[in-house]
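Hi,

Here's the structure I promised to pass on. Have a look at it first, and my notes on what turned up are underneath.

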Amino acid sequence: MPRKSFRVPKSDVAVALGRNIRQVREQLGWSQQEAADQLDITQTTLSAYERGRIECPVSVLSRLASLANLTAGAIVDGDFEGDWRDKPRQVSLSLDERNAITDNILQRLIPLLPAPLPGHGVGWQEINLPLWGSVPAGQWGWVPETSSPRRYLVPLSIAKAVDGVVTVQGESMLPTLEPGDTVFVKRTPHAHVGKIVLARNPLGDVTLKRIGIARGLRMLLPDNPAHEPPEPAAGTEILAVAVCVMREL
């Protein structure tokens, strides 16, 4: 006897949800395989969701909503018209992918940079530097970074004068340093008054502050007058001095 085939009946809910999932994916500009990679499922599974053969679980639906800057409820209701496609979405990239994007940006940016001025030696150079970590510009602390050296485009004048990079947390150095700024630093145990330094206390925590004089003592001073009072520099170790800051526009 010929074998009979059986099909699991589709539910109206699964079919409607699948149609909405497909619509979101297409408006994101993703193929099924690209969307499946982002959702950490197989393309076959995503196809089953979109066809309504399987009802999409909440975990996958929530992931898709996050990538599209929507709520899971909006996808269920089909209420995702408007400007949501213009909102940024977070996509995880490997180190090789980030480096490839950086290389592409550098190749397009270098021809647009100003040419060196005669007799001034002004120019730009691409260098590899280790990202030491995120440093509080406020309270003491430390968030180390363990990634491979990253590529940076810097003025020639500092290309040979920097040893590493730190990113800024906190607001005690406003307006000089803003949260998220990238600070290029040079290793040194000494710094003149007025310099911004990377300092470490006896407990091993670090901070970014400006060396100054207050109450007749050498102090670590915040640039932000609304921040905490200055701290004595005695007992702290200077690790590096800030050479240059890069701010994302």
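Strand β8 (residues 206–214) is mostly covered, with seven of its nine residues buried. Bear in mind that this is a predicted model. On one side of the story is strand β7 (residues 196–200), which pairs with β8 in the antiparallel sense over five bridges. These two strands make a hairpin with five residues between them, and G204 in the turn has a positive phi of about 95°. Strand β9 (residues 217–221) also runs antiparallel to β8, again joined by five bridges. The β8–β9 hairpin has two residues between the strands, and R215 there takes a positive phi near 55°.

R210 in β8 is a good residue to click on. Its opposite number in β7 is I196, while in β9 its bridge partner is L221. The R210 side chain also meets that of D223 in a salt bridge (2.7 Å, N to O). D223 lies in the loop between β9 and β10 (231–232) and R210 in strand β8, so the pair ties together parts that are 13 residues apart in sequence. So is R210 buried or exposed? Neither, quite: R210 is partly exposed, at 23% relative accessible area.

The salt bridge count comes to five. Two others among them:

- R151 with E126, where the closest N and O atoms are 3.6 Å apart. R151 sits in strand β4 and E126 in strand β1 (residues 124–129), so this pair connects parts 25 residues apart in sequence. R151 is partly exposed at 23%, and E126 is partly exposed at 34%.
- E237 with R200, at 2.8 Å, N to O. The pair links distant parts of the chain, E237 being in strand β11 (residues 237–246) and R200 in strand β7, 37 residues apart. E237 has 38% relative accessibility, and R200 has a relative accessible area of 31%.

On the aromatic side, the structure holds one pair. Y152 and F184 meet edge-to-face, 5.5 Å centre to centre with 85° between the planes. Y152 is in strand β4 (residues 150–155) and F184 in strand β6 (residues 182–187), 32 residues apart. Both Y152 and F184 are buried.

Last, the helices. In α2 (residues 32–39), the buried residues are Q32, A35, A36, Q38 and L39. They cover an arc of only 160° around the axis, which means they are on the same side of α2. Those buried residues pack against α1 (12–28), α3 (43–51) and α4 (58–67). Just after α2, D40 takes a positive phi of about 60°.

Cheers

How values were computed. Residues are numbered from 1 along each chain as its sequence is written. This is a predicted model: local features need pLDDT of at least 70, side-chain atom pairs count only at pLDDT 80 or more; totals for chains, interfaces and linings use all residues. Side-chain values use heavy atoms; hydrogens and water are left out. Buried means under 20% relative accessible area, exposed over 50%, partly exposed in between (1.4 Å probe, protein chains only). Helices (H or I, at least four residues) and strands (E, at least two) are DSSP runs, numbered from the N terminus. The arc is that of the directions from the helix axis to the C-beta atoms. Contact means heavy atoms within 4.5 Å. Rings of Phe, Tyr and Trp (its six-membered ring) pair if their centres lie within 6.5 Å; planes under 30 degrees apart count as stacked, over 60 as edge-to-face and the rest as tilted. Two strands pair if DSSP finds at least two bridges between them. A salt bridge is a side-chain nitrogen of Lys or Arg within 4 Å of a carboxyl oxygen of Asp or Glu.
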